[in-house]
Amino acid sequence: MHTILNVLAPVALELAGTLASVLVAWLALVAKQRLGLDIEAKHRAALDAAIMTGVRLALRRAGVTLPATGALPDAAQVETAVDYVKRSVPDAVKRLGASEDVLRAKVAAALGGAG
């Protein structure tokens with residue numbers, strides 16, 4: 001009986017170590033996925049807030065009202081707002097991979113739909 005335990009003990013320890021490693025790896029993966037989603041949601045919220053603040057800033061600086069429904073927003077207003085967004089939340093822009101064109105489109109939509 002004693003020899004069987006001597007033979008099985010190292011195998012049991014090896015198996016327990018492997019199972020513990022798998023469990024730790026799985027927990028790390030779950031945590032990374034959950035935290036990654038939370039971080040992305042925070043970046044999206046920050047980007048959206050910066051866009052709206054940039055739009056308000058652009059409108060105040062230009063001293064003009066919103067474009068008429070269906071009209072294209074003023075290019076200077078769009079650029080002012082995009083510049084504000086890039087300076088305000090550079091990490092969010094980078095993390096989300098928001099290109100200049102995407103930022104311009106989001107700002108233009110906000111300018112057109114802000115009224």
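Is Arg104 buried, exposed or partly exposed? Keep that question in mind while you get your bearings; the tour will come back to it.

**The whole chain**

Start with everything shown as a cartoon. This is a predicted model. You should find four helices and zero strands, so reading along the sequence gives you α-α-α-α. Switch on the surface and you are looking at about 8,100 Å² of accessible area, with 66% of that belonging to carbon and sulfur atoms. Of the 115 residues, 22% count as buried. If you draw contacts with a separation of 6 or more, 71% of them join residues 24 or more positions apart.

**Into the core**

Now hide the surface and select Leu47, Val55, Val85 and Val107. The largest nonpolar core has 18 residues, and these four touch the most other members. Colour the helices next: α1 (2-62), α2 (75-88), α3 (90-96) and α4 (100-113) each give two or more residues to this core. The largest share, six residues, is from α1.

Zoom in on Val107 and show what surrounds it. Beyond its neighbours within four places in sequence, Val107 is in contact with Ile51, Val55, Val78, Ala81 and Val82. Val55 is worth a second click, since you have already met it as one of the core residues that touch the most other members.

**Along α2**

Select 75-88 to isolate α2. Helix α2 has 14 residues and spans 20 Å from its first C-alpha to its last, close to the 20 Å expected at 1.5 Å a residue. Show side chains and pick out the buried ones: Gln77, Val78, Thr80, Ala81, Val82 and Val85. Among them, Val78, Ala81 and Val82 are the contacts of Val107 you just saw.

**The charged side chains**

Time to look at the salt bridges; the count comes to five. Select Glu79, Lys86, Glu100, Asp101 and Arg104 together, as these residues are linked in a network of salt bridges.

Begin with Arg104 and Glu79. Their side chains meet in a salt bridge at 2.7 Å, N to O. Arg104 sits in helix α4 and Glu79 in helix α2, 25 residues apart, and the pair links distant parts of the chain. Here is the answer to the opening question: Arg104 has a relative accessible area of 28%, so it is partly exposed, falling between the 20% limit for buried and the 50% limit for exposed. Its partner Glu79 also counts as partly exposed, at 29% relative accessibility.

Next, click on Lys86 and Glu100. Their closest N and O atoms are 2.5 Å apart in another salt bridge. Lys86 lies in helix α2 and Glu100 in helix α4, so this pair ties together parts that are 14 residues apart in sequence. Both ends are partly exposed: Lys86 at 31% relative accessibility, and Glu100 with a relative accessible area of 30%.

Finish by staying on Glu100 and bringing Arg104 back into view. Glu100 forms a salt bridge with Arg104 as well, the closest N and O atoms being 3.1 Å apart. Both residues of this pair lie in helix α4, four residues apart, about one turn of the helix. Leave Glu79, Lys86, Glu100, Asp101 and Arg104 on screen as sticks, and you have the linked network in a single view.

Key. Residues are numbered from 1 along each chain as its sequence is written. This is a predicted model: local features need pLDDT of at least 70, side-chain atom pairs count only at pLDDT 80 or more; totals for chains, interfaces and linings use all residues. Side-chain values use heavy atoms; hydrogens and water are left out. A nonpolar core is a set of buried Ala, Val, Leu, Ile, Met, Phe, Trp, Tyr and Cys residues joined through side-chain atoms within 4.5 Å. Buried means under 20% relative accessible area, exposed over 50%, partly exposed in between (1.4 Å probe, protein chains only). Contact means heavy atoms within 4.5 Å. A salt bridge is a side-chain nitrogen of Lys or Arg within 4 Å of a carboxyl oxygen of Asp or Glu. Accessible areas come from the Shrake-Rupley method with a 1.4 Å probe; for residues, only the protein chains shown count as cover. The expected span of a helix is 1.5 Å times one less than its number of residues.
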